[in-house]
2 protein chains.
Amino acid sequence: MTSSPRVDGAAGETLAVIGAGLVGTSVALAAVRAGATVRAWDADPDNLATAASNDGIDPGTDPAATVHDASVVFVGTPIAAIANAVIGALADTPPSAVVTDAGSIKTHVVAATMSLASGRGADVQRFVPGHPMGGSERSGPAHASASLVDGIVWAVTPTPVSSATALAHLESFIAAIGARPVRLEPARHDRLVAVVSHLPQVASTALMSLAASEEADEPDILLLAAGGFRDLTRLAASNPRLWSEILLANRDEVARAIDLYVARLERLRDEVRSGAGDAVEGIFDEAKGARLGLAAKPQVRAGVAVIQVPIPDRPGALAALTGGLADAGVNIEDLQIVHSPEGGRGLVHLTVAADAADVAASVLASHNLDPLRLA
Amino acid sequence: MTSSPRVDGAAGETLAVIGAGLVGTSVALAAVRAGATVRAWDADPDNLATAASNDGIDPGTDPAATVHDASVVFVGTPIAAIANAVIGALADTPPSAVVTDAGSIKTHVVAATMSLASGRGADVQRFVPGHPMGGSERSGPAHASASLVDGIVWAVTPTPVSSATALAHLESFIAAIGARPVRLEPARHDRLVAVVSHLPQVASTALMSLAASEEADEPDILLLAAGGFRDLTRLAASNPRLWSEILLANRDEVARAIDLYVARLERLRDEVRSGAGDAVEGIFDEAKGARLGLAAKPQVRAGVAVIQVPIPDRPGALAALTGGLADAGVNIEDLQIVHSPEGGRGLVHLTVAADAADVAASVLASHNLDPLRLA
């Protein structure tokens, strides 16, 4: 049920991935899917072997050999290793190649790379930093998937000396493998991700940490933890070393974001403590409006269509639906049953390749099902 | 694909629901499923009509008529209306009936009810307060579902004068409709939910509120909001009036929980700002361990089995699976496709009624699929 290649937009590209962890390997898989030639290298032989066990990802023998004929180099290493890997790639690639990275903070990475480059005479015009805003709380190439790249925002953060050619090349590559390039200055990127990415991580970890320490006195506390608590603490299972590194590398912006957050929490606390119900309701009302606005912006996924189909609650109903699609040669990319509040029937959200959507809809209609295409 | 009745454990009960919102109507549906006679009333005629459009839920003409022959009364009104509804139900029910409520905080509700009762000579031994720890960020009877009750923890918080008979009756009713009664003192309940339920709500709303206000200066900020931000702000879409009421009713415990949370955030901020990577990593490590421990405690759901089945990625694979189950008369309660990181195949999590699990497993094995039973 994984995605099949949908576009050949990257067929002319040769991608070299240096650092084949979760993100590097996911980008490699998305490039394979889009028809690119892909080679990968990782300092950890186990990571490299896991990444290269995927069809279409060839293992490189060393970094220089991995990038020597690349048109795009993606550096997916930990932050501390990026500058060195970028400088190496600039030295070892053809003059037409663009070199990018996946560091979650940009000013720090750009400064480290520029400082190292000035001693080496590196061709930094071909370095265009970036940050694919995807990922998962899991890590490592075994959890990689091309779908982690689908429709995500990929921040492209050129330095003052990045060339227009390299920038355009990177942006077109990103679009070809299914993501959405968004151009930002490095400092602005760091300020924004402090609020929408680093702060949520801190907020989640602090909440889990508090509940765990209360549990020492109140062993039943986590029994009472319902879905809301689980949602808020999911991120707390993320990689501790990786996050410590990210937060420290963006320390000023992270500290600022925590201060702004604490100020909001204290304002809410004061309104609650003083019994100011209208003020509390007003804050909740505004936040609700903003959250509903966010939900209305769909997380775009390239190349697929989602069809909504009500089905009756009896043995065989789902079989009729999937069987009809199978007979017509339609592969189901994803299927989710949404429980109907009224009881007696379910609603299925069916994801198929965009070019199979019309066939799927007519198959469903011919089975007396009433499909509604969502996206 | 909604759940079918699985037990008749409540067949001898007559449930009256006063306040047919999301929770009241969900409890009514779970009681219908378990074989109880169910009547409902709501001050809002639209709510009552929506609730009573479900099979098995009869609309009452007024509160007294609704409860007159009930064995269990469930008061699902907003907090401010609970005391009055409970006192009314105690006056209008047979002497064997137990009366409970769903107020999200307990000391406040108990004090208000006792104070009102003392003037009326109400039979408060039959009042056993409670709090089903389920729910959803949506509200209203149209979003109700018996499945909201499945396997949830239902706090039962007897007052010092609640009778042992009434307590035992309520606990057996809760178990019969599919939830899990957990006994707590009212004050202890309020202290624990301040941390695991009210604080997550405040943390989520404060984060959404901060991001929305930053958006005024930085229109692109929400573009960069990935899945983690969405998880942390989902609760911010909850009902503002309801939450304002809950937080104010538990104001001392909520203010204490916010203070503890702010102290954790400030400690993290100070460690980040001073560059103490090992200390930050240590905090993250501990929180990760606690979160993984939480994930390992499954959210119990009564009467179902979950089977995990790897299936190949080609048209027809899912049809073979669902078709085989249909032929054997097995109804699929839920089905989720989990994408395989390796590509080339998917993993299906299949939920069926517990008593159909063995049949389902042998059907899958006969189709050369390799099922693993999870729960």
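Contact is taken here to mean heavy atoms within 4.5 Å. The model is a predicted one, and the description below follows two parts of chain B, a helix pair and a small group of strands with a helix across them.

In the helix pair, α7 (residues 186-215) and α10 (residues 251-273) of chain B have axes that come within 9 Å and cross at roughly 65 degrees, and the crossing of α7(B) and α10(B) is right-handed. On the side of α7(B), the residues that meet α10(B) are B:Asp190, B:Arg191, B:Ala194, B:Val195, B:His198, B:Leu199, B:Val202 and B:Ala203, while α10(B) contributes B:Glu253, B:Val254, B:Arg256, B:Ala257, B:Ile258 and B:Tyr261. Sorted by class, this contact of α7(B) with α10(B) comprises 9 nonpolar residues, 1 polar residue and 4 charged residues.

The strands of interest form an open sheet of 3 members in chain B, arranged in the order β6-β7-β8 with mixed pairing. Its edges are β6 (130-132) and β8 (180-183) of chain B, each of which pairs on one side only, and neighbouring strands of the sheet are turned against each other by 25 degrees on average, direction ignored. Between β6(B) and β7 (residues 153-156) of chain B, the pairing is antiparallel and extends over 3 bridges; within β7(B), B:Trp154 is the bridge partner of B:Pro132.

Helix α6 (residues 164-176) of chain B lies across β7 and β8 of that chain, and the direction in which α6 runs is at about 145 degrees to β8(B).

Terms used
Residues are numbered from 1 along each chain as its sequence is written. Chains are lettered from A and ligands numbered from 1 in the order in which they are written. This is a predicted model: local features need pLDDT of at least 70, side-chain atom pairs count only at pLDDT 80 or more; totals for chains, interfaces and linings use all residues. Side-chain values use heavy atoms; hydrogens and water are left out. Axes are lines fitted to C-alpha atoms, for helices over the stretch in contact, and angles run from 0 to 180 degrees between N-to-C directions. Helices (H or I, at least four residues) and strands (E, at least two) are DSSP runs, numbered from the N terminus. A crossing is left-handed if the near helix is turned anticlockwise from the far one by less than a right angle, and right-handed if clockwise. Ala, Val, Leu, Ile, Met, Phe, Trp, Tyr, Cys and Pro count as nonpolar, Asp, Glu, Lys and Arg as charged, and the others, Gly among them, as polar. Two strands pair if DSSP finds at least two bridges between them.
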